[in-house]
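Me: I've got a fold on screen and I'd like to talk through how its pieces fit together. Mind if I fire some questions at you?

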Amino acid sequence: MAGLKNIVAVALVMILSVSLEGKWVEAQEHHVVGGDRGWDPATNLSSWCSGRIFRVGDKIWFTYSAGEESIVEVKEQEEYLSCDISNPIKMYTDGLDSISLDGEGIRYFVSSKPDSCKNGLKLHVEVMPQGTPGDFPKIATSESKPSYGYVSALASGPTTPSGSAHLVGSSILLAFGFLCYAIGA
C-alpha cells in the first residue's frame, strides 16, 4: 500500500508541475506581415494590423519578391514618415525574412522603393511586454497622417490557443493515464 501512495504522490506532483508551468510560459506568435498578400503595394497594412498585439518574443515575417522589393528598418519616426532610408538600421533582402521582436518599443519598417513607401508600404510596430491580452488597456488607433500611411499595431490579442496549452493538456492526460495504470485500473 505504501508503494501505491508513493506512485499517487509522484503523479500528483507531475500534474501540478506541468499545470503550473503552462501558466508561466508565454506563447510566441508568428505574424506574417500583410497576411496572404505579404509585403506588397496592394496590401492594406492598416487593416492587417487591426486586432493584433505584438509582444516581446513574437516574430514578424516579411514575404515579398526579392527581385522587386526589399525592406528597410529605420530608427526614427521622422525617417519612417518621410521614407528616408539613407541611415538604415538593417536591410532585409531575402524575400522571406523573420524578425524577432526581442525588446519593448517601437520598430519602423519601410519599403526600399520611395514611391511604394510614400504610398503606404510601411509598418510601425509597437512591441508590448509579455502578458495576457487583458493585462493592457485596449487603445483605439487612427492614422495620424493619412498621406503617410502611418500604421499602428496595438489592438486586441490573438485568439488562437498556443502550442504550450496543447502540450499542458496532453501532459495532464498522460499523467492521469499513468496514475490509473499504477492504481491497477
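Me: How many bridges join S7 to strand S8, and which way do the two run?
Reply: Keep in mind that this is a predicted model. S8 covers residues 122–128, and one of the facing pairs puts Gly-105 opposite Val-127. Another sets Tyr-108 opposite His-124. The two strands run antiparallel, and the bridges joining them number 6.

Me: And which residue of S7 is the bridge partner of Val-74?
Reply: Strand S4 spans residues 71–74 and is joined to S7 by 4 bridges, again antiparallel. Tyr-108 also stands opposite His-124 in S8. The partner of Val-74 in S7 is Tyr-108.

Me: What is the order of the strands in the open sheet, and which ones stand at the edges?
Reply: The sheet is open, has 5 strands with mixed pairing, and reads S2-S8-S7-S4-S5. Two of these strands have a single partner strand each, so one side of each is left without a neighbour in the sheet. Those edge strands are S2 (54–55) and S5 (90–92).

Me: Is S7 mostly covered or mostly open, and how many of its residues are buried?
Reply: S7 takes in residues 105–111, and in the sheet order it is written between S8 and S4. The strand is mostly covered, and of its 7 residues the buried ones number 5.

Me: Lys-122 caught my eye. Is it buried or exposed, and which backbone oxygen does its side chain reach?
Reply: Lys-122 sits in strand S8. Its relative accessible area is 0%, and buried means under 20%, so Lys-122 counts as buried. Its side chain reaches a backbone oxygen at 3.1 Å, and that oxygen belongs to Tyr-80.

Me: What about Gln-77: how far is its C-alpha atom from that of His-124?
Reply: Gln-77 is in helix H3, residues 77–82. With 31% relative accessibility it counts as partly exposed, because that class lies between 20% and 50%. Gln-77 and His-124 are 47 residues apart along the chain, yet their C-alpha atoms are separated by 8.8 Å.

Me: Last one: what is the phi of Cys-83, and is this residue buried or exposed?
Reply: Cys-83 lies in the loop between H3 and S5. Its phi is positive, about 60°, although the residue is not a glycine. Its relative accessibility is 8%, and the cut-off is 20%, so Cys-83 is buried.

Definitions and conventions
Residues numbered from 1 in each chain as written. Predicted model: local features only at pLDDT ≥ 70, side-chain atom pairs only at ≥ 80, totals over all residues. Heavy atoms only, no water. Buried < 20%, exposed > 50% of the residue type's maximum accessible area, 1.4 Å probe, protein only. Pairing = 2+ DSSP bridges. Polar contact = N/O pair within 3.5 Å; in protein donor to acceptor, adjacent residues only side chain to side chain.
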